[in-house]
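Q: I would like to learn how to read a ligand site and a single residue in a model such as this one. Could you take me through both, step by step?

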Amino acid sequence: MARTVFITGASSGIGEAAARAFAEEGYRLVIAGRRHERLKTLKRELEADFAAEILVLSFDIRDRFQCEAAVESMPEEFADIDILVNNAGLAAGLERIDEGDPMDWDAMIDTNIKGLLYVTRVIANKMIQRGAGHIVNIGSIAGTQPYPDGGVYCGTKHAVHALSQSMRMDFLGFGVKVTEIRPGMAETEFSLVRFHGDQEAADEVYSGITPLTGDDVADAILWAVQQPAHVNISEIVITPQQQANAYCVSRGKREENGGE
Ligand code: NDP
Ligand code: 8X3
């Protein structure tokens, strides 16, 4: 029987790429996000390309009651979630703490931490009852490497790192695996969202490098969940070849940037 995967933030970027990768492998999919039309278009595409079974759930992950109602609304054939990919998230703004916008902070904290918790709580509960499941949390290199002007985003991803470790201990003995994937720079809508729609600023982030794509991260997610039953992949850190960590990026060819 096909396994069922629930992906939050499937309307773009890493989540959308993961949906495509899982559909191609024959999984049954629940794809979630706020942008209903995008999710419906993706559903049609994956049904046509891979004859995949897809359920669209449109809700705002920041709202606990919407999260619970969405999960409870799933028809029987989708209700037994084998894999949860906690991917929905964002960065909003890039500035010093004293200049930060508290509305941006709320969006990041409510989505990246509280939203992840709300969805995990209801789905993990069902996994524990069934004695099986796999939760994949999309963290970030920012989850272990705080950088200037990104304090709140980095704080939320540090929380994802801590929560992933706690979940792994909480669910030990219940047959539920937990994997945290921490990507570096991936070119998705991430920077466009961070800079509030400023495309030029978003493009600048990736100038002179070949960033990760959503597909690269999706490959890592798929690999982690396809390991044998007795194997748990705890963490994967994945960056572009030109990014060593949150602080060191080599833009352009070595000879063009003085070998830095
Ligand atoms: P995108 O902006 O392309 O995708 C973000 C997804 O999150 C969208 O599908 C969006 O859906 C969803 N989302 C955001 N807010 C909400 C909300 N309130 N309710 C429901 N869904 C929401 O960015 P990425 O694909 O890059 O980001 C995915 C994850 O990867 C994030 O957690 C991000 O922090 C992480 N990450 C990204 C990196 C990068 O460089 N791109 C690197 C490291 C980690 P919608 O707007 O339709 O609701
Ligand atoms: C996104 C990667 O380095 O911009 O989480 O924080 S980074």
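A: We shall go through the surroundings of a ligand and then turn to one residue, bearing in mind that this is a predicted model.

Q: Which residues surround ligand 2?
A: One begins by listing the neighbours, and here ligand 2 is surrounded by Ser 140, Ile 141, Ala 142, Tyr 147, Tyr 153, Phe 190 and Arg 194. Sorted by class, this shell has 5 nonpolar, 1 polar and 1 charged residues, with Tyr counted as nonpolar.

Q: Which polar side-chain atoms lie at what distance from an oxygen atom of ligand 2?
A: A polar contact is a pair of N or O atoms within 3.5 Å, and three residues can be read against that cut-off. A polar side-chain atom of Ser 140 lies 2.5 Å from an oxygen atom of ligand 2, while for Tyr 153 the distance is 2.6 Å and for Tyr 147 it is 2.7 Å. Of the 240 Å² of accessible area that ligand 2 has on its own, the protein covers 85%.

Q: Is Asn 137 buried or exposed?
A: A residue counts as buried when its relative accessible area is under 20%; Asn 137 has 0% relative accessibility and therefore counts as buried. This residue belongs to strand β5, which spans residues 133–138.

Q: What does the side chain of Asn 137 make a polar contact with?
A: Its partner is the side chain of Ser 164, at 3.0 Å. Leaving aside residues up to four places away in sequence, Asn 137 also touches others, among them Asn 86, Leu 116, Val 160, Met 167 and Glu 180.

Conventions. Residues numbered from 1 in each chain as written. Chains lettered and ligands numbered in written order. Predicted model: local features only at pLDDT ≥ 70, side-chain atom pairs only at ≥ 80, totals over all residues. Heavy atoms only, no water. Near = heavy atom within 4 Å. Polar contact = N/O pair within 3.5 Å; in protein donor to acceptor, adjacent residues only side chain to side chain. Areas by Shrake-Rupley, 256 points an atom, 1.4 Å probe, with all protein chains shown as cover. Helix = DSSP H or I, 4+ residues; strand = E, 2+ residues; numbered from the N terminus. Buried < 20%, exposed > 50% of the residue type's maximum accessible area, 1.4 Å probe, protein only. Contact = heavy atoms within 4.5 Å.
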